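Me: Give me a close look at one part of this model: how two of its helices pack. Then move outward to the rest.

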Amino acid sequence: MPHTVETSPAVARRRVGIMGGTFDPIHHGHLVAASEAAAHFELDEVLFVPTGKPSHKSQVTPVEHRYLMTVIATASNPRFKVSRVDVDRDGPTYTIDTLRDVQRLRPDADLYFITGADAIAQILGWKNSLELFELAQFVAVSRPGHELRTDGIPADKVAVLQIPALAISSTDIRERAYEEKPVWYLVPDGVVQYMAKHRLYTAEEIDAI
Ligand SMILES: Nc1ncnc2c1ncn2[C@@H]1O[C@H](COP(=O)(O)OP(=O)(O)OP(=O)(O)O)[C@@H](O)[C@H]1O
Ligand SMILES: O=C(O)c1ccc[n+]([C@@H]2O[C@H](COP(=O)([O-])O)[C@@H](O)[C@H]2O)c1
């Protein structure tokens with residue numbers, strides 16, 4: 001009888017996307033960016049990671065509101081999950097810490113950090129920027145009003161992805177809410193309702209902070 005060698009089938013590494021953002025509030029631009037990256041790179045899951053205390057934004061809505069709106073917005077997609085790693089860490093939020101924490105939680109995964117064109121343009125100024133490229137592949141998605149440039153980023157560490165253009169920003173949604181204009185269809189229905197229930201971004205809520 002011929003001698004046979006038992007071989008275990010090669011196990012493919014999981015592919016995990018990370019969609020970092022302040023999500024103040026989360027909107028359909030964020031969700032389309034994550035969905036397009038998931039489809040293009042065959043990601044097993046996308047972790048939405050709301051910032052705790054963004055290092056570069058002075059006044060943001062209390063983190064638990066931003067976190068809960070992110071949970072509501074992603075609940076219908078079985079591949080989307082929300083991580084509290086940045087919410088629960090003390091001190092300013094830096095992506096180097098996000099990636100180290102997710103790597104610890106998903107040691108068997110290749111990580112794909114998803115950013116819009118405005119964010120990728122700033123990345124060389126982020127904390128420990130060169131080490132970031134050792135921890136994850138970066139996916140730079142198109143965004144209306146922002147030129148998609150990746151100058152200075154190692155070419156094998158960043159992929160550029162053209163996605164459907166949604167000219168939506170959290171700044172615009174906050175302004176619309178403040179002016180009592182509709183935000184329906186710019187954010188998921190549950191987020192419209194959450195904003196209304198908590199009077200987020202209204203003169204009344206801002207005065208109360
Ligand atoms: N409409 C969009 N299309 C593509 N990418 C987007 C879009 N909006 C935001 N992003 C990307 O999502 C990530 C998180 O963005 P963020 O939470 O700061 O939203 P924002 O709309 O830019 O907020 P703000 O207006 O408050 O600065 C960033 O990488 C950003 O570039
Ligand atoms: O690490 C940094 O120095 C750094 C500086 C600016 C932004 N980031 C990250 O970029 C992501 C998008 O940020 P924002 O402000 O556009 O929501 C979010 O995950 C931030 O933590 C990270």
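Reply: α2 and α8 are roughly antiparallel to each other (an angle over 145 degrees; under 35 would be roughly parallel, 65 to 115 roughly perpendicular, the rest oblique). This is a predicted model, in which local features need pLDDT of at least 70 and side-chain atom pairs pLDDT 80 or more, while totals for chains, interfaces and linings use all residues. Residues are numbered from 1 along each chain as written, chains are lettered from A, and ligands are numbered from 1 in the order written.

The angle between α2 (residues 63-74) and α8 (residues 189-197) is about 150°. Their axes lie 8 Å apart. Angles run from 0 to 180 degrees between N-to-C directions, and axes are lines fitted to C-alpha atoms over the stretch in contact. Helices are DSSP runs of H or I with at least four residues, strands runs of E with at least two. The crossing of α2 past α8 is right-handed (the near helix is turned clockwise from the far one by less than a right angle).

Which residues meet? From α2 come L68, M69, I72 and A73. From α8 come G190, V191 and Y194. Contact here means C-beta atoms, placed from the backbone, within 7 Å. By class, this contact has six nonpolar residues, one polar and no charged. Ala, Val, Leu, Ile, Met, Phe, Trp, Tyr, Cys and Pro count as nonpolar, Asp, Glu, Lys and Arg as charged, and the others, Gly among them, as polar.

Upstream of α8, the loop between α7 and α8 holds E180. E180 is not a glycine, yet its phi is positive, about 60°. Most residues other than glycine have a negative phi, and most peptide bonds are trans. A cis bond joins D24 and P25, with omega about 0°. P25 sits in the loop between β1 and α1.

Now the ligands. Around ligand 1 are 18 residues, with G21, G29, G116, S170 and T171 nearest (near means a C-beta atom, placed from the backbone, within 6 Å). α1 (28-40) gives the most to this shell, three residues. β4 (109-116), α5 (117-120) and α7 (170-178) are also among the elements supplying at least two each. The shell has six nonpolar, nine polar and three charged residues.

Ligand 2 has 15 residues around it; G20, T22, Y94, T95 and W126 come nearest. β1 (14-21) and α4 (95-105) each supply at least two. Here the division is five nonpolar, eight polar and two charged.

Definitions and conventions: Two residues are in contact if their C-beta atoms, placed from the backbone, lie within 7 Å.
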